[in-house]
Number of protein chains: 2
Amino acid sequence: MLVNQLETPALIVDLDALERNQKRMAALLSPLGIALRPHYKSHKCTAIAHMQIAAGAKGITCAKLSEAEDLIFSGIEDVLIANQVVEPSKIVRLAYLALCCHLAVCVDRMENIDQLERAAAEAGSTIRCFVEYEIGMNRCGVATPEEFCILARQIIASPHLEFMGIQAYAGQLSHEQSHEVRARKSEDVEERLHALINVLQNGGIEVKEVSGGSTGTVEQRRAGTVYTEAQAGSYLFMDTAYGKLGLGFENALFMLSTVISADPGKVICDVGLKSFGVDQGDPVFVDYPQTPAKMSEEHSAVYCANNAKPGDKVRLIPGHCCTTVNLCDALYFIRGDKVVDKVPVTSRGKSR
Amino acid sequence: MLVNQLETPALIVDLDALERNQKRMAALLSPLGIALRPHYKSHKCTAIAHMQIAAGAKGITCAKLSEAEDLIFSGIEDVLIANQVVEPSKIVRLAYLALCCHLAVCVDRMENIDQLERAAAEAGSTIRCFVEYEIGMNRCGVATPEEFCILARQIIASPHLEFMGIQAYAGQLSHEQSHEVRARKSEDVEERLHALINVLQNGGIEVKEVSGGSTGTVEQRRAGTVYTEAQAGSYLFMDTAYGKLGLGFENALFMLSTVISADPGKVICDVGLKSFGVDQGDPVFVDYPQTPAKMSEEHSAVYCANNAKPGDKVRLIPGHCCTTVNLCDALYFIRGDKVVDKVPVTSRGKSR
């Protein structure tokens with residue numbers, strides 16, 4: 001089947017570009033000795049998670065228990081939920097899931113550690129725990145080395161928990177436009193983490209892993225970085241928001257759309273806000289990259305000189321790949337002008 | 001089951017508020033003799049479409065063929081696709097669907113009329129056609145009465161098509177903040193449509209219906225309006241964007257979320273951009289209406305004095321109900337503090 005024979009809207013993945021992005025990420029990380037634990041949130045597709053493992057990823061990062069369930073049931077054996085799980089019914093499920101794989105979760109307070117220990121004891125499993133360190137997001141995480149030590153010691157003292165190390169995600173830097181500012185602030189994060197690790201080591205606490213980092217900060221890693229794992233996700237697909245940073249990855253994710261109305265100064269297409277995550281900006285038409293799209297729920301419009309006719313197929317680059325994939329039930333894999341596979345977005349909408 | 005026992009995130013519908021919104025809409029439209037053809041895009045849930053029909057709606061408006069299929073297969077007998085359908089495979093499906101119900105579609109050019117006639121002749125069905133008139137969206141639709149007449153005559157001359165009238169959706173007015181500007185511009189639209197109807201009537205073309213209008217423009221309708229059908233959708237649920245207009249409808253749609261981290265100046269919840277459409281603004285915490293939420297993919301944060309504890313349940317009002325519902329697989333119906341039903345969002349993600 002040819003790509004332009006797909007009914008639209010259809011979210012398509014250029015496998016050749018995706019594979020080049022995978023190679024570039026490996027080339028960035030390998031010299032530094034950082035393992036890749038790519039973030040599932042960007043594709044939510046177990047088929048792609050297995051492609052990442054086959055290409056050398058150590059395991060997968062995800063945001064939610066429901067994503068971890070999909071990953072583990074699909075056969076992924078090493079999963080980190082980079083988040084706190086606090087609802088009692090979820091903690092019970094998490095503890096039993098940990099029986100059949102390496103499953104890690106983040107914590108930032110004592111009560112949650114006690115809940116996890118009780119559930120893991122009941123299930124007879126071991127839950128791996130990262131303590132989340134607050135390094136600029138002002139979201140979850142503990143803010144001082146002293147608080148961190150207290151929680152780490154509590155995990156170490158819990159027979160069914162295993163202390164893994166530090167969750168340190170500096171998401172506030174990911175889309176910082178200036179390369180210099182991103183580099184300098186990444187250095188600040190490294191220094192804060194270095195200070196934390198010193199306190200932990202002086203207290204006799206072994207840090208196995210320091211996990212974090214996004215597509216936007218991987219290129220800032222230097223020899224001697226404290227990070228042992230990178231949680232990048234968007235490098236695989238890219239989008240217009242990351243495209244502005246000049247990171248050297250290619251667009252591999254496109255929305256195929258059909259022109260439904262047109263005149264020499266206007267193109268109206270059959271895809272809109274119901275198919276695009278626009279939280280980091282509107283999509284851009286591949287054929288009209290300089291002209292902003294005007295979006296409504298089921299239409300994308302571009303107002304510029306064109307030769308488009310109703311029925312024509314056009315492509316758009318999403319503003320944000322992660323929230324766009326989460327709107328679509330399937331991805332179409334393409335090579336050149338051919339559709340080579342259709343895969344479900346396994347965990348679409350799984351935010352529990 | 002109590003509402004606060006739901007795993008989160010969970011999108012909940014307060015049925016008492018929804019029913020009051022239904023009554024208010026009926027009270028606005030009945031004196032004007034306007035029929036309600038509510039827009040499916042706001043709930044995408046066939047169960048709610050049937051509730052609307054039971055409460056007096058004449059039929060349902062939708063945006064896409066895939067939505068029309070869900071509606072018709074669920075038993076809705078009168079459906080308007082307020083959009084152009086141009087892909088050949090979809091036109092064939094549309095023609096066969098029209099065998100078992102009253103199915104209407106919008107057109108804005110000759111070639112599309114010919115495609116529809118050929119497909120309906122092949123299927124042995126009759127497709128109802130509205131010609132779309134461009135009244136300020138600068139999207140689809142013909143711009144002059146002369147072009148409109150040419151298309152209307154072509155439909156009338158097509159044995160398997162039935163000319164219904166005018167599709168006139170002035171979406172650009174829906175969220176105009178000033179009541180006066182909204183009223184004046186709505187009046188301009190009425191005048192343009194009145195002029196069009198005069199031209200059509202002078203040409204011997206009967207206009208059965210004038211369909212259009214949103215939640216934001218219903219209260220501007222006056223005695224003598226040209227509209228015969230209102231396509232409002234959001235009145236049922238409301239959201240923060242429409243809430244600013246003071247339209248007299250209540251919030252009936254809430255996101256239930258769990259606090260996962262908190263301190264006296266900060267509340268972090270387990271729901272984010274993956275569950276909220278933010279194209280018309282971020283959601284607002286019911287308990288902290290004055291403080292903007294800070295959103296990330298799976299978190300909502302609010303920074304203000306609070307007594308929240310991890311594990312607490314909180315509610316948020318979506319910025320835009322239509323794009324929020326389209327992210328969720330199910331709606332939980334509640335009355336007071338009890339969950340009374342769970343219904344699938346039948347057409348979630350159906351944008352074809």
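Are H6(B) and H7(B) parallel, perpendicular or oblique to each other, and why? The report takes up this question after a brief word on the model.

## The model

The structure described here is a predicted model. Two chains, A and B, contribute to the contact discussed below.

## Helices H6 and H7 of chain B

Helix H6 of chain B spans residues 145–156, and its axis comes within 10 Å of the axis of H7(B). The two axes cross at roughly 45 degrees. An angle between 35 and 65 degrees falls outside both the roughly parallel and the roughly perpendicular ranges, and H6(B) and H7(B) are therefore oblique to each other. Their crossing is right-handed.

On the side of H6(B), the residues that meet the other helix are B:Pro145, B:Phe148, B:Cys149 and B:Ala152. Their partners in H7(B) are B:Ala195, B:Leu196, B:Val199 and B:Leu200. By class, this contact consists of eight nonpolar residues, with no polar and no charged ones.

## Helices H4 and H5 of chain A

A second helix pair lies in chain A. Two packed helices are described by the angle between their axes and the distance between the axes. For helix H4 (residues 88–97) and helix H5 (residues 110–123) of chain A, the angle is about 50 degrees and the axes are 8 Å apart. That angle makes H4(A) oblique to H5(A). The crossing of H4(A) and H5(A) is right-handed.

From H4(A), the residues A:Ile91, A:Val92, A:Ala95 and A:Tyr96 take part in the contact. They meet A:Gln115, A:Leu116, A:Ala119, A:Ala120, A:Glu122 and A:Ala123 in H5(A). The contact of H4(A) with H5(A) divides into eight nonpolar residues, one polar and one charged.

## The nonpolar core

In soluble globular proteins, nonpolar side chains tend to be buried together. In this model, the largest nonpolar core has 229 residues. Those with the most contacts inside this core are A:Ile81, A:Cys129, B:Ile81 and B:Cys129.

Apart from its neighbours within four places in sequence, A:Ile81 is in contact with A:Cys62, A:Lys64, A:Leu65, A:Ala68, A:Ala104, A:Val105 and A:Cys106.

## The contact between the chains

Chain B gives 45 residues to the contact, and chain A gives 45 residues. On the side of chain B, the elements that supply two or more residues are helix H4 (88–97), strand E10 (253–263), strand E14 (299–302) and helix H9 (321–325). The largest share, three residues, comes from E10(B). This side of chain B has 14 nonpolar, 17 polar and 14 charged residues.

## Two individual residues

B:Gly171 is found in the loop between strand E7 (161–167) and helix H7 (179–202) of chain B. B:Gly171 has 19 other C-beta atoms within 10 Å, and a residue needs 20 or more to count as buried, so B:Gly171 is partly exposed. Leaving out residues up to four places away in sequence, B:Gly171 touches B:Met137 and B:Ser214, as well as A:Ser296 of the other chain. The C-alpha atoms of B:Gly171 and B:Thr217 are 8.9 Å apart in space, although 46 residues separate the two in sequence.

A:Ile317 has its place in strand E15 (residues 313–317) of chain A. A:Ile317 counts as buried because 21 C-beta neighbours lie inside 10 Å. Among the residues that A:Ile317 touches are A:Asp239, A:Phe254 and A:Val284. A:Ile76, 241 residues away along the chain, is separated from A:Ile317 by 30 Å between C-alpha atoms.

Terms used. Residues are numbered from 1 along each chain as its sequence is written. Chains are lettered from A and ligands numbered from 1 in the order in which they are written. This is a predicted model: local features need pLDDT of at least 70, side-chain atom pairs count only at pLDDT 80 or more; totals for chains, interfaces and linings use all residues. Helices (H or I, at least four residues) and strands (E, at least two) are DSSP runs, numbered from the N terminus. A residue is buried if 20 or more other C-beta atoms lie within 10 Å of its own, exposed if 12 or fewer, and partly exposed in between; C-beta atoms are placed from the backbone. Two residues are in contact if their C-beta atoms, placed from the backbone, lie within 7 Å. A nonpolar core is a set of buried Ala, Val, Leu, Ile, Met, Phe, Trp, Tyr and Cys residues joined through C-beta atoms within 7 Å. Axes are lines fitted to C-alpha atoms, for helices over the stretch in contact, and angles run from 0 to 180 degrees between N-to-C directions. Angles under 35 degrees count as roughly parallel, over 145 as roughly antiparallel, 65 to 115 as roughly perpendicular and the rest as oblique. A crossing is left-handed if the near helix is turned anticlockwise from the far one by less than a right angle, and right-handed if clockwise. Ala, Val, Leu, Ile, Met, Phe, Trp, Tyr, Cys and Pro count as nonpolar, Asp, Glu, Lys and Arg as charged, and the others, Gly among them, as polar.
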